[in-house]
Amino acid sequence: MSISFNEKTRVFRLDTVTTTYAFCIHEAGFPLHLYYGKHLPDDDLKHLLGRGMFTSFSPDVPGFSHTGFSLDVQPQEFPGFGTGDFRASAVEIQNADGNCATDFRYVSHNILKGKPDLCGLPHFRDENGESETLVLCLEDRATGAEAQLLYTVYNDLPIMTRSVSVTNRTEKPLRIQRLASLCLELPTMDYDMIHLYGKWGKERTETRRALTHGTQSIESRRGSSSHNHNPFVALAAKDSAEEHGEVYGAALVYSGNFKIECEVDAFNTARLLMGINPDGFSWLLGPNETFTAPEAVFTFTDGGLGEMSRIFHRAIRKHLLSGPWKDRERPVLINSWEAAYFDFDDDKLAAFAKEAKSLGIEMLVMDDGWFGHRDSDDSSLGDWYVNEKKLKGGLGSLIERIHAEGLKFGIWYEPEMISPDSDLYRAHPDWCLHVPGRENSPARQQYVLDMTREDVRDNIFAQMCDVLSKNEIDYVKWDFNRNLTEVGSAALPPERQQEVFHRFVLGTYDLMDRFVKTFPNILFENCSGGGGRFDLGMLYYSPQIWCSDNTDAIERLTIQFGTSLCYPLSTMGAHVAARPRTPLSTRAAVAMMGTFGYELDPRRLTDAEKDEVRAEIRAYHETHRLVSEGDLYRLISPTQDPFRAAWQVVSPDKTETLVTTVVMRMPETMYFPLRLAGLDPEKRYTDLATGETYSGALLMYAGINLTGRLYLDGQSAVLDFKAE
Ligand code: GLA
């Protein structure tokens, strides 16, 4: 890893072990992108800039007509707006005169050891001095705005991060209209755009389409990253596949409205922009104020989508997740939601706990319905005190009973929400997001609290602290069950209303930060009607996120495979539910691909099923470390094969591997040789169930013959191999 600047050529190089990123400073001061891809030796990169002839419809930079230099045809690090580049811009700032022309040029730079914190925003960390950061200072003389671009490279992984901040150096206010965190210029359009789309119950389905002229984009305007699109994208060479070919991957460390757009221009080059969605956003920047945009993380590999995922997984596990639960074995939990919904009391929960303990389950999570007078989803959000009609004797007494059964205890919250039928709403009707003169649109009979307000956050923090500090609680599920409408804040002046979407996210981050700092030992699991906020911003605060409310094992395959494109298995909340379409063993095999638990009434299991659950939990304990620390290989994708899905996890030292296959639909043939991946061809691996041994070479090049074992709908097999 290194960052260097060649004074003579004015070329910056940012190298990781396997990649090189380079740009130069043009004599007019513009940072022009040169290259991002496989690691290069020291060479003349500037000759890459030539773009041939262009016409008067691509204007020259003032003072550079003699050299024919037009921003319209140049690859740029930080393209502005209205000054000669007609493609989508990374930055647009309205100055006090009301115009928006922006053009940022080089002022200075600094190369730092390590990685500065991004105040108030989640970001990749460097706790052990494994990174270097380039701080590039630019200015737009006409608007008086100064920009800092921060590029970080790590020495252990081929990832880079970039973030951007803008400071107003004038006496008058400026308005930021658009500020993309990442701008990645590619010299061709010969890529497919791969992204994750979905909806409630069907999140993060992988989709792939060829880049074409014009702009292709995905975005969220829902106030959260959303079920519908995920802030992740890959641009993959057309001939790339799971385990070969060139792939760029990028993700935004952000949980609010985002936009990822890729514009292919008349030169057949592609510009990828990623950042806060400019729709519904602007930010008023007073004199000497600074605005910081969220961080983007990105990578390049020539090892296909599989290798891109493994790079992201390692980077997220090592540099984004934090706290004691980051590497600790997560307890096997039972969640009351699908077991009881709102229909529970202390006796029922204690009965769940008793039965669960006999199965080997380690924690009971009391989901929605324990507070205020909530017996259905129409009330009490915001009233975070226990409903003693349901939990007779109070929360302390329930927790004692659960502990007496030998289980830990977890609890559900939806901190950013408020029910119109709540004491909190009756006391503070202006504490929810709203727009004067408009009725609020309800969703699930609830409104959204104005998280931009400190007094609102203080109130929720105090209420939750009261419960969490007076009781022995090991786990909190943090839910978020609707999107934002009537996005206005009573606490902000008219000229700042366009800031509310982003300030809402900052407020949520502030609240989460307070909780993880005050209760460092609590395991936080994020959730948003399933996986409506499955993003790197949330993972910064909670090491796991409930993947989807859809707990059907076959449906989960598509969701979890798609999620794994960017996010590690250890972050995916996955439970075995009472969904009899597939055998219990298959539900467990799929749930073991994530953080493991149950979401059913354990008293309803037959004796044979109980024995099976005990065996599953033993298997989880034996394999969880491999699943959470190993390298994932997606062998057969459920979106590409109509019949079977298969994946494999390999320990970092390649001495152990776990292979899971599920039949989604009866295949055309029983014959099924499954080729494994990621093993050491020289090592011999023993199938722990049969005692048979095979060379890594045979398992990878010829495959393991599973004929007859994976043929019927819903069947599954989990094979565990260890090397001698
Ligand atoms: C959301 C979550 C569920 C459950 C319910 C409770 O939908 O995704 O797991 O917690 O809320 O209301």
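These are my notebook entries on a predicted model, covering its ligand, a barrel, a helix pair and an open sheet.

**Entry 1: the ligand**

I started with the ligand and listed what surrounds it. The shell holds 13 residues, and D367, D368, K477, G530 and D549 come nearest. I then sorted the shell by residue class. Six residues are charged, three are polar and four are nonpolar.

Next I looked up side-chain N or O atoms facing oxygen atoms of the ligand. The side chain of D368 has one at 2.6 Å from a ligand oxygen. For W412 the distance from a side-chain N or O atom to a ligand oxygen is 3.1 Å. For W546 the corresponding distance is 3.5 Å. How much of the ligand does the protein bury? Taken alone, the ligand exposes 310 Å², and 96% of that is buried by the protein.

**Entry 2: the barrel**

I turned to the strands next. Eight of them make a closed barrel in the order β21-β22-β23-β26-β27-β28-β29-β30. The pairing in this barrel is parallel. Ignoring direction, I read an average turn of 30° between neighbouring strands of this sheet.

I picked one pair for a closer look. Strand β23 covers residues 408-413 and strand β26 covers residues 475-478. The two run parallel and are joined by four bridges. Which residue of β26 stands opposite W412? It is K477. Both names were already in my ligand entry: K477 is among the residues that come nearest to the ligand, and W412 has a side-chain N or O atom 3.1 Å from a ligand oxygen.

Then I checked helices against the barrel strands. Helix α10 (residues 584-591) lies across β29 and β30 (595-599). I note an angle of about 170° between α10 and β29.

**Entry 3: a helix pair**

I looked at helix α3 (residues 346-359) and helix α11 (residues 607-629) together. Their axes come within 8 Å and cross at roughly 65°. From α3, the contact uses E355, S358 and L359. From α11, K610, V613, R614 and I617 take part. By class, I count three nonpolar, one polar and three charged residues in this contact.

**Entry 4: the open sheet**

My last stop was a second sheet. Six strands form it, open, in the order β31-β32-β33-β38-β35-β36. Here the pairing is antiparallel. Why do β31 (631-636) and β36 (693-695) each have one side without a neighbour in the sheet? They stand at the edges, each with a single partner strand, so one side of each is left free of a neighbour in the sheet. The twist averages 25° from one strand to the next.

I closed with one pair inside this sheet. Strand β33 (residues 656-663) and strand β38 (residues 716-723) run antiparallel, with seven bridges between them. Within this pair, L658 stands opposite D720 of β38. I also noted that α9 packs on this sheet, where it touches β31, β32 (644-650) and β33. The direction of α9 makes about 45° with that of β32.

Methods. Residues are numbered from 1 along each chain as its sequence is written. This is a predicted model: local features need pLDDT of at least 70, side-chain atom pairs count only at pLDDT 80 or more; totals for chains, interfaces and linings use all residues. Side-chain values use heavy atoms; hydrogens and water are left out. A residue is near a molecule or strand if one of its heavy atoms lies within 4 Å of it. A polar contact is a pair of N or O atoms within 3.5 Å; within protein, one must be able to donate a hydrogen and the other to accept it, and residues adjacent in sequence count only if both atoms are side-chain atoms. Accessible areas come from the Shrake-Rupley method with a 1.4 Å probe; for residues, only the protein chains shown count as cover. Ala, Val, Leu, Ile, Met, Phe, Trp, Tyr, Cys and Pro count as nonpolar, Asp, Glu, Lys and Arg as charged, and the others, Gly among them, as polar. Two strands pair if DSSP finds at least two bridges between them. Axes are lines fitted to C-alpha atoms, for helices over the stretch in contact, and angles run from 0 to 180 degrees between N-to-C directions. Contact means heavy atoms within 4.5 Å.
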